[in-house]
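I set out to record ring pairs, charges over rings and helix packing for this entry. The notes are in the order in which I looked things up.

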Amino acid sequence: MTVTQGILSWAIITSMIAGGIGSQTPENPDGSVDTPTIDNSVDDLPDLDFSGKEFRIFNGAAQGENEFWFVEENTGEVVNDAIYSRNKELSERFNVKIDEIRLAEGDSGDAARYIMNTVMAADLAFEIADIDVAASWHLATSGCLLNLYDVPYIDFDKDYWDIDLMNDLAFGDKLFYALSAANLDSYASTHLLAFNKDIEEKYGISKYSLKSDSLYQLVLDGKWTLDNFYTASSIVTADINGDALMAEADQYGYLAERSDMFAGMYIGAGLETISRGDDGRFELNIGGIERFSTLFDKLKSNFVSDYFHYDDEKAVLSEMFGLGQGLFCDVTLGDLENMRDIQFDFGFLPYPKLDETQPDYISRVESCNATIIPVYCMDIEFVGIMLEAFASQSYKETLPAYYDVAMIMKYTRDEPSSEMLDIVTGSRAFDLGDAVYGNLVRDKLCEGLYSSEIAKFEDLLAIYGEEVETYLGKVNDMIANMR
């Protein structure tokens with residue numbers, strides 16, 4: 001079960017507990033005893049009093065961003081107040097003082113350096129840090145971070161941990177990045193498709209072209225595939241200003257930056273560019289070459305076109321979408337707040353499957369902030385207890401506030417869109433070649449996709465494969481030499 005799926009059943013669980021279900025061991029008429037329901041959303045932490053001890057969180061985000069860990073006061077804003085309530089609950093439960101450390105405005109780019117300096121000096125500046133994965137990856141490979149598997153009191157079997165996402169970032173038997181219900185930035189960094197309902201209805205895309213009651217139903221039927229996405233996108237292109245040129249003022253089927261298109265498509269197809277061998281070492285994923293080749297051919301023949309896929313870096317694509325110039329637009333959950341003022345009716349969909357044989361829709365998570373512990377942590381039990389408690393309490397308060405209230409109630413405009421968001425967040429994935437080594441892997445593969453000199457995926461691997469494998473070899477050697 002994912003964290004989100006657990007959140008959706010939280011109301012059911014709490015009502016069961018309130019009604020006494022799971023709190024007793026009832027005896028049946030035949031004398032047998034039922035096994036009590038185990039609530040996997042509640043932590044098993046002991047009752048402890050830390051006598052006002054400080055729990056300091058270093059937030060590596062820029063000032064005013066990623067305010068998911070600490071707020072000064074209630075403001076009436078739903079997520080803010082849930083964070084305030086969570087921290088108050090934890091402070092009173094363990095008698096601790098929760099505080100947040102941030103760099104001065106304009107210094108957020110130095111967050112990884114600040115952590116490195118702290119570790120090198122064995123300085124007790126903070127207990128945990130929340131920092132971008134890509135920006136801090138070198139801290140993990142150089143041995144500056146604590147292996148989370150060595151931290152007591154953390155139970156990764158609990159529903160409030162995003163263990164699938166964490167495993168995507170694992171180093172063999174070492175885990176340095178924590179992602180739980182407390183890490184809302186991983187949700188804000190999750191990609192999906194917004195679609196213009198007015199354009200979809202005007203062109204009769206679902207009813208006449210895709211033979212479905214709606215795009216939503218196509219998703220639910222497991223038929224939202226790359227081919228159907230291409231069919232829908234290619235229908236609506238229009239030279240609005242009539243100048244015989246397709247440019248920023250015109251209408252397109254799909255608005256997305258090239259790298260977002262490519263990463264969203266291949267991760268949505270269940271593929272990864274970097275995997276782990278049997279020995280746990282990172283390697284270029286050539287095991288999925290046949291499926292990658294199929295995807296590459298489809299993208300090369302259909303999507304590498306300025307005709308219906310618009311990706312000009314100078315344009316703000318979400319603004320073009322808001323002006324009604326696109327059927328589909330690549331967005332993240334974090335973008336939704338900026339879309340609230342759009343006048344036309346729009347909905348959300350997951351990225352398409354490669355084909356109908358694929359069991360699940362998978363959503364790309366780009367590099368986001370995750371939680372790390374410095375290797376020289378001086379009170380590992382205290383940190384383990386607090387990290388587990390943050391995950392558990394966030395599952396009860398902050399994630400429901402972010403997901404159910406701030407996201408669904410404010411940003412969606414119909415019940416099916418809410419259901420689509422459940423699907424989007426129900427199966428999320430990182431790919432290291434995107435989230436960490438995007439410049440080395442994702443961008444170069446995307447460059448090859450758009451090159452007229454490269455026809456096949458195998459040709460692309462022949463050009464870039466050795467460079468990537470050489471680099472990963474150095475990374476693997478660094479990991480092997482960790483302290």
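The entries below concern a predicted model.

**Aromatic pairs.** I began with the rings and obtained a count of 37 aromatic pairs. I then took up one of them, F229 with F303, and found the two rings stacked, at 5.7 Å centre to centre and with 15° between the planes. The angle falls under the 30 degrees that count as stacked, so the label follows. I noted where the partners sit: F229 belongs to helix α11 (residues 226–235) and F303 to helix α13 (residues 289–303). The pair thus joins distant parts of the chain, 74 residues apart. I also checked exposure, and both F229 and F303 are buried.

I next looked for rings joined through pairs into a group. One cluster links W137, F171, F176, Y177, F282, Y437 and Y471.

**Charges over rings.** I looked up two cases. R258 lies over the face of Y450, 3.8 Å from the ring centre. K353 lies over the face of Y361, 4.6 Å from the ring centre.

**Helices α12 and α13.** Having met α13 through F303, I examined its packing with helix α12 (residues 258–268). The angle is about 140° and the axes are 11 Å apart. The two helices are therefore oblique to each other, and their crossing is right-handed. On the α12 side the contact is made by M261, F262, M265 and Y266. On the α13 side I listed F292, L295, L299 and F303. F303 accordingly enters my notes twice, in the stacked pair with F229 and in this helix contact.

**Helices α3 and α15.** I turned to helix α3 (residues 78–94) and helix α15 (residues 380–396), which pack at about 135° with their axes 10 Å apart. That angle makes α3 oblique to α15. I recorded a right-handed crossing here. From α3 the contact involves R86, N87, E89, L90, R93 and F94. From α15 it involves I385, M386, A389, F390, Q393 and S394.

**P152.** Which loop holds P152? I placed P152 between α5 (133–141) and α6 (163–168). Is P152 buried, partly exposed or exposed? Its relative accessible area is 26%, so P152 is partly exposed. Leaving aside residues up to four places away in sequence, P152 touches I380, E381, G384 and I385. I385 is also among the α15 residues in contact with α3. Lastly, I noted that the C-alpha atoms of P152 and E388 are separated by 9.5 Å, although these residues are 236 apart along the chain.

Notes:
Residues numbered from 1 in each chain as written. Predicted model: local features only at pLDDT ≥ 70, side-chain atom pairs only at ≥ 80, totals over all residues. Heavy atoms only, no water. Phe/Tyr/Trp six-rings, centres within 6.5 Å; stacked < 30°, edge-to-face > 60°. Helix = DSSP H or I, 4+ residues; strand = E, 2+ residues; numbered from the N terminus. Buried < 20%, exposed > 50% of the residue type's maximum accessible area, 1.4 Å probe, protein only. Lys NZ or Arg CZ within 6 Å of the ring centre and 35° of its normal. Axes fitted to C-alpha atoms, helices over the stretch in contact; angles between N-to-C directions. Parallel < 35°, antiparallel > 145°, perpendicular 65-115°, else oblique. Left-handed = near helix turned anticlockwise from the far one by under 90°. Contact = heavy atoms within 4.5 Å.
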